Amino acid sequence: MNEGLIKQLGLDLGANGLPYQFPWHPILVHFTLGLFIIAILFDWAGTLFYLTKPILKFLGLRARRASFYDLGWYNLVAATFITFFTVTAGFFEIMLAQPSLNKQSSWGLGAGSTMILHGVGGVLLLSAIAILTVWRGYQRYRWRKTKIRQVQWSYLGIGFLMLIILFVHGTLGAQMGDEFAIHNTAAGLLQKGQNPNQVLRGL
């Protein structure tokens, strides 16, 4: 974003290029990832319950199949909710990004291409997670309400595919922070030839 516009907005940017000490987007991303991964894993665990039942019994753990599905459902709802804030924070922080324009990522992409792919991908993933949540809700409360297996195999397959897509998408985000030093204070200072220990000592 243009420095003049940043001043007009009254934003006082710190060493990380943000008006606050720690980037919010990477923090919220971990909630999105954790909740979604747990949701899919527990739905798989509920579906394969009879295979895991002897292991649970050996460990002395009492568990019901329905409990796995409950955990899958509530974690997915929470993932959808938090992802709205994850994407919002991401777009705000990407607007304030000032990456190096003469570098390429390990995938051979420039900063602009990486930012666009990550931004558009974030919106598409939010939409996909929201659609999966609606689909999962119909399975839970209508289509498979009376069935032992609460989720469809197609849902589980797409959920697993989503985990792979999230990994690729997350790698793009990691490249923005690590290779382009976007809102990464230490990486940014090192790329400028400065010592983070000296610059940040007084902060």
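This report covers the fold, the largest pocket and a handful of residues in one protein chain.

## Overall make-up

The model is predicted. The chain holds eight helices and zero strands. Read from the N terminus, its elements run α-α-α-α-α-α-α-α.

Of the 203 residues in the chain, 39% are buried. The accessible surface comes to about 12,300 Å². Carbon and sulfur atoms account for 67% of that surface.

Contacts reach far along the sequence. Take the contacts between residues at least 6 apart in sequence: 70% of them join residues at least 24 apart.

## The largest pocket

The largest pocket encloses about 650 Å³ of space. Four helices each give two or more residues to its lining: helix 2, helix 4 (65-95), helix 5 (111-143) and helix 6 (153-178). Helix 2 spans residues 24-47. The largest share of the lining, eight residues, comes from helix 6.

In total, 31 residues line the largest pocket. Nearest its centre lie His25, Pro26, Val29, His118 and Gly173. By class, the lining has 14 nonpolar residues, 15 polar residues and two charged residues.

## Selected residues

The table sets out six residues by helix and relative accessibility.

| Residue | Element | Relative accessibility | Class |
|---|---|---|---|
| Thr47 | helix 2 | 8% | buried |
| Ala66 | helix 4 | 33% | partly exposed |
| Ala89 | helix 4 | 12% | buried |
| Val120 | helix 5 | 47% | partly exposed |
| Tyr138 | helix 5 | 37% | partly exposed |
| Arg140 | helix 5 | 11% | buried |

### Thr47 and Ala66

Thr47 belongs to helix 2. Its relative accessibility is 8%, so Thr47 counts as buried, the cut-off being under 20%. The side chain of Thr47 makes a polar contact of 3.1 Å with the side chain of Tyr69.

Leaving aside residues up to four places away in sequence, Thr47 touches Arg65, Tyr69, Arg149, Val151, Trp153 and Leu156.

Ala66 sits in helix 4. Ala66 and Thr47 are 19 residues apart in sequence, and their C-alpha atoms are 9.8 Å apart in space. Thr47 is buried at 8%, whereas Ala66 is partly exposed at 33%.

### Ala89

Ala89 is also placed in helix 4. With 12% relative accessibility, Ala89 is buried. Beyond residues up to four places away in sequence, Ala89 touches Trp24, His25 and Leu28. One of these contacts leads back to the largest pocket: His25 is among the residues nearest the pocket centre.

A further separation involves Ile27. The C-alpha atoms of Ala89 and Ile27 lie 9.9 Å apart, with their positions 62 residues apart along the chain.

### Val120, Tyr138 and Arg140

Val120 is part of helix 5. A relative accessible area of 47% makes Val120 partly exposed. From Val120 to Phe91 is 29 residues along the chain. Their C-alpha atoms are separated by 9.9 Å.

Tyr138 is found in helix 5. Tyr138 is partly exposed, at 37% relative accessibility. When residues up to four places away in sequence are not counted, Tyr138 touches Trp143 and Arg144. Tyr138 and Val151 are 13 residues apart in sequence. In space they are 9.6 Å apart, C-alpha to C-alpha. Val151 is one of the residues that Thr47 touches.

Arg140 lies in helix 5. Is Arg140 buried or exposed? Its relative accessible area is 11%, and therefore Arg140 is buried, since the limit is under 20%.

The contacts of Arg140, not counting residues up to four places away in sequence, are Tyr69, Asp70, Trp73, Tyr74, Lys145 and Gln150. Tyr69 links two parts of this account. Arg140 touches Tyr69, and the side chain of Tyr69 holds the 3.1 Å polar contact with Thr47.

Notes
Residues are numbered from 1 along each chain as its sequence is written. This is a predicted model: local features need pLDDT of at least 70, side-chain atom pairs count only at pLDDT 80 or more; totals for chains, interfaces and linings use all residues. Side-chain values use heavy atoms; hydrogens and water are left out. Buried means under 20% relative accessible area, exposed over 50%, partly exposed in between (1.4 Å probe, protein chains only). A polar contact is a pair of N or O atoms within 3.5 Å; within protein, one must be able to donate a hydrogen and the other to accept it, and residues adjacent in sequence count only if both atoms are side-chain atoms. Contact means heavy atoms within 4.5 Å. Accessible areas come from the Shrake-Rupley method with a 1.4 Å probe; for residues, only the protein chains shown count as cover. On a 1 Å grid over the protein atoms alone, a cavity is a set of points where a 1.4 Å probe fits but cannot get out, and a pocket is an open set with protein on both sides within 12 Å along at least five of seven lines; lining residues have an atom within 4 Å of a point. Grid points are joined across faces, edges and corners, and a volume is the space filled by probe spheres set on the points. Ala, Val, Leu, Ile, Met, Phe, Trp, Tyr, Cys and Pro count as nonpolar, Asp, Glu, Lys and Arg as charged, and the others, Gly among them, as polar.
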